[in-house]
Structures are given as structure tokens and as C-alpha cells.
Amino acid sequence: MAISSLPCIQPIIYLGKPDGPTCHTGSETCYFTSIGDLFKEQEVEETNLALTTLYSLEATISKRELELAGKHGKRSWTKRLLLDENLLSSKIREEADELCRMLEEKEDSSCTASEMADVIYHAMVLLRHKDVKIENVLEVLGEDSLNRV
């Protein structure tokens with residue numbers, strides 16, 4: 001039998017909406033991921049990365065402070081900042097000024113990111129010095145976010 005003599009078979013595709021979930025997870029179906037879900041997952045991953053980085057930095061700064069109390073460990077910039085309020089204040093002002101100059105001088109985004117990282121680091125040292133957790137700052141940001149946007 002020649003291929004051209006085979007009957008033409010037309011597939012029938014029925015798209016229907018079930019009355020309820022058809023998946024074992026309670027979702028409408030097991031066979032797809034919505035684009036919206038992918039964006040939500042990406043946002044969660046980015047948020048988790050940011051939080052993990054901030055908490056890790058906070059832990060490292062706290063470790064340096066404990067090393068100061070025990071008079072052990074290697075010398076570090078963080079320890080110097082924790083011991084000298086004037087130096088810490090000066091560095092925060094300096095880094096904030098450099099960040100503002102990035103904006104005024106229309107520098108590229110990598111320079112801006114670098115300067116912002118310096119500001120965040122020095123601010124985190126100040127938080128440790130004042131015994132304020134990053135968690136407290138994030139709570140305030142969450143409460144005030146509606147007023148800021």
C-alpha cells in the first residue's frame with residue numbers, strides 16, 4: 001500500500017476546563033508550569049540570595065566582634081571599625097559620598113554596585129556596633145515600604 005493511499009487522519013484536540021483540580025498536588029494539572037509561577041520562583045530565589053548574603057555578612061561581622069572580646073584572631077578592617085567610632089563614621093560618610101558621586105558623574109552600573117556594596121558593608125558594621133540586627137532593619141523597611149513607593 002502506498003503512503004498516498006492511506007486515509008488522512010485528523011487528530012481531535014479537546015481543550016476543556018475541569019470542574020476542580022485534576023492533579024495530586026491540588027493544582028489544575030501536573031503537566032505544566034505557568035509563566036507566572038516561574039517569575040515568582042525567580043523572585044524568591046533572588047530574595048533568598050540577597051537575604052543569605054546580608055545574614056552571612058552580619059554573621060562574619062559578629063564573629064570579628066567576638067574575636068575582639070577574646071583578643072584572638074587575625075587583624076581585620078572590621079575589627080578596626082568596631083573599635084573606633086570616629087573611623088567608622090568617617091568611612092560611612094566617605095562611602096556614601098562616593099555613591100552619590102557615581103550618580104552625579106553618571107558612572108556605569110558596576111561602579112555604582114561596588115560603591116553601594118561599600119556603603120552596605122560599613123552600615124552593617126555600624127549595626128553590629130549598635131547591637132541592631134539586619135532583621136530589625138528589614139522589618140522597618142517592610143513596614144515603611146508603602147510610604148516610600
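Start by selecting Asp-97. Its relative accessible area is 40%, so Asp-97 is partly exposed. This is a predicted model.

**Stop 1: the partner of Asp-97**

Add Arg-101 to the selection. The two side chains form a salt bridge, with an N to O distance of 3.1 Å. Arg-101 has 34% relative accessibility and therefore also counts as partly exposed. Both residues sit in helix α3, and because they are four residues apart, about one helical turn separates them.

**Stop 2: a second pair in helix α3**

Stay in helix α3, which covers residues 85–104. Select Lys-91 and Glu-95. They too are four residues apart, about one turn of the helix. Their side chains meet in a salt bridge, at 3.4 Å from N to O. Are these two residues buried or exposed? Lys-91 has 14% relative accessibility, so it counts as buried. Glu-95 is at 5% and is therefore buried as well. The cut-off behind both calls is under 20% relative accessible area.

**Stop 3: Asp-131 and Arg-128**

Move along the chain and select Asp-131 with Arg-128. Their side chains make a salt bridge of 2.8 Å, N to O. The partners fall into opposite classes. Asp-131 is exposed, because its relative accessibility is 57% and the exposed class begins over 50%. Arg-128 is buried, with a relative accessible area of 14%.

Salt bridges with shared partners also link Arg-64, Glu-67 and Lys-79 into one network. Go there next.

**Stop 4: Arg-64**

Center on Arg-64. Which helix holds Arg-64? It lies in helix α1, residues 35–70. Its relative accessibility is 16%, so Arg-64 counts as buried. Now show its surroundings. Beyond neighbours within four places in sequence, Arg-64 contacts Ser-76, Thr-78, Lys-79 and Leu-82. One of these, Lys-79, is in contact with Arg-64 and also belongs to the salt-bridge network.

**Stop 5: zoom out**

Clear the selection and switch to a cartoon view. How many helices and strands does the protein have? There are five helices and zero strands. Along the sequence, the pattern reads α-α-α-α-α.

Next, color by burial. Of the 149 residues, 17% are buried. Then show the surface. The accessible area is about 12000 Å², and carbon and sulfur atoms account for 58% of it.

A contact map makes a useful companion view. Among contacts with a separation of 6 or more, 47% join residues 24 or more positions apart.

Finally, highlight the salt bridges across the whole structure. A search finds seven, including Lys-91 with Glu-95, Arg-101 with Asp-97 and Asp-131 with Arg-128.

How values were computed:
Residues numbered from 1 in each chain as written. Predicted model: local features only at pLDDT ≥ 70, side-chain atom pairs only at ≥ 80, totals over all residues. Heavy atoms only, no water. Helix = DSSP H or I, 4+ residues; strand = E, 2+ residues; numbered from the N terminus. Buried < 20%, exposed > 50% of the residue type's maximum accessible area, 1.4 Å probe, protein only. Contact = heavy atoms within 4.5 Å. Areas by Shrake-Rupley, 256 points an atom, 1.4 Å probe, with all protein chains shown as cover. Salt bridge = Lys/Arg side-chain N within 4 Å of Asp/Glu carboxyl O.
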